[in-house]
Amino acid sequence: MMMRFGGSRRLRLLRGARGQVLAIAALALPVMLGMGALSVDVGYMYVARTAMQTAADAGTRAGAAILAAGGTQAAANTEALNFANQNLGRLSYLTGATPAVSFPTATSIQVNITHSLPLFFAPVIGFNTAGVNATAAASIAAASSIPSGLVPLAIYCNNPSGCAGVLAVGQTWSMRRYCGNFFADGASGNSCGNAIASGENFLAGITVDNSNSNAAFREAVYSGVSTQIAYGDSARALPGNRNGWRSGMTDRLAEGRDVMTLAVIRELAPVTQTYNVQIVDFVQVRVSNFTESGNTDTTTFEIIRSAVSTNSFAAAGEGYGIDSVVGVRLTQ
């Protein structure tokens, strides 16, 4: 009898505990379902923000590219909105997302996108939408290297401070090309028989790979150097007339290819082997006239701004601050 009594009691206790578990589970179920539902909405918000960030990045890069090419802020604004809206328009759940463009500085752009995102399950607890935003900013900065295409003509400013504060976007220059002997002997003239005026800014033909034939020089001017060139690279200013330069430039301009990238140089001291100059900046130019005369020739050009694809940017103190050849980098 005692065994029967004890077994019956244990059975009643088990039935009571089971009932309590069911009661607790019944109370917890709505909470667990709610948490699961909210996790779906949180994930949805994350996906939406990621897509919005992609759109903001695209708009910012597009607008900055317009600034880099010398375009106006109005044109950059239009381009940035076009690219941002194209990315947003691909996704129905981003309908109504609004991009806005601003210009923190003359050489930077920012795109901010805001959106009131409709939610799936959060409305049961009183939240119908969630505010989602994404921001991207980019600036244009001097490119400290260019991947290829340099025309191996270099600007030299014949004064103690070099080209600092001398060259700027928007200027038009007519510069004579001199023989590289000027850098070899430090004299006021060169073996080509031309007198170089004190303080005169002039062009010099250079080689970055020690090529030493008119055919190689002609091809380098006509097609551009095929290798990457960077700030600090050594080069050699070329001796002699090098008529290959003339034919390369004449043929290039005859085809209408008047936009080209030139180097800015300073003397390399001490001279290293055959290298006597150093590349310290770049300028993008549009050539309007090329004239041969005696032992030299004169090139007339305007310094313009152009963007290149690069991840190498001038650090503080590098270059002359001309900002003619620039790249675009995201800053936010």
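## Report on a predicted single-chain model

The backbone oxygen of G232 lies 3.3 Å from a polar atom of the Q278 side chain, where a polar contact is a pair of N or O atoms within 3.5 Å, and within protein one must be able to donate a hydrogen and the other to accept it, residues adjacent in sequence counting only if both atoms are side-chain atoms. This is a predicted model, in which local features need pLDDT of at least 70 and side-chain atom pairs count only at pLDDT 80 or more, while totals for chains, interfaces and linings use all residues. Residues are numbered from 1 along each chain as its sequence is written, and side-chain values use heavy atoms, with hydrogens and water left out.

**Overall content.** The chain has five helices and 14 strands; helices (H or I, at least four residues) and strands (E, at least two) are DSSP runs numbered from the N terminus. Of its 332 residues, 41% count as buried, where buried means under 20% relative accessible area, exposed over 50% and partly exposed in between, with a 1.4 Å probe and protein chains only. Among the contacts with a separation of 6 or more, 71% come from residues 24 or more positions apart; contact means heavy atoms within 4.5 Å.

**Around Q278.** Q278 belongs to strand β11, residues 275-293. Its relative accessible area is 18%, so Q278 is buried. Not counting residues up to four places away in sequence, Q278 touches G232, D233, V264, I265, R266 and L268. The bridge partner of Q278 is S234. Strands β9 and β11 pair in the antiparallel sense over two bridges; two strands pair if DSSP finds at least two bridges between them. On β9 (residues 234-237), two further bridges lead to β7, again antiparallel, with A237 standing opposite I206.

**The five-stranded sheet.** An open sheet with mixed pairing has the strand order β1-β2-β3-β14-β13. Its edge strands, each paired on one side only, are β1 (98-102) and β13 (306-307). Strand β1 runs antiparallel to β2 (residues 108-118), and five bridges join them. Within this pair, P99 stands opposite I113. Helix α2 (residues 73-88) packs on the sheet, touching β1 and β2, and its direction makes about 155° with that of β1. Such angles run from 0 to 180 degrees between N-to-C directions, the axes being lines fitted to C-alpha atoms, for helices over the stretch in contact.

The loop between β13 and β14 (325-330) holds S312. With a relative accessible area of 28%, S312 is partly exposed. S312 touches A142, A143, S144 and S145, not counting residues up to four places away in sequence. The C-alpha atoms of S312 and A141 are separated by 9.4 Å, although these residues are 171 apart along the chain.

**Aromatic pairs.** The whole structure contains five aromatic pairs. Rings of Phe, Tyr and Trp (its six-membered ring) pair if their centres lie within 6.5 Å; planes under 30 degrees apart count as stacked, over 60 as edge-to-face and the rest as tilted. Two of the pairs are tabulated here.

| Pair | Centre to centre | Angle between planes | Class |
|---|---|---|---|
| Y44 and Y93 | 5.8 Å | 65° | edge-to-face |
| F217 and W245 | 5.6 Å | 5° | stacked |

Y44 lies in helix α1 (residues 2-68) and Y93 in the loop between α2 and β1, so that this pair links distant parts of the chain, 49 residues apart. Y44 is buried at 16% relative accessible area, whereas Y93, at 23%, counts as partly exposed. The stacked pair has F217 in helix α4 and W245 in helix α5, and thus ties together parts 28 residues apart in sequence. F217 is buried at 2%, and W245 is buried at 3%. Ring pairs also link Y156, Y178 and F202 into a cluster.

**Helix α4.** The buried residues of α4 (residues 214-223) are F217, A220, V221 and Y222. Their cover includes β5 (150-157), β7 (201-207) and α5 (243-254). Just after α4, G224 takes a positive phi of about 90°.

The ring of Y222 also takes part in charge contacts. R218 lies over the face of Y222, at 4.4 Å from the ring centre, and the charged end of R257 sits over the Y222 ring at 4.6 Å from its centre. A charge sits over a ring if NZ of Lys or CZ of Arg is within 6 Å of the ring centre and within 35 degrees of the ring normal.
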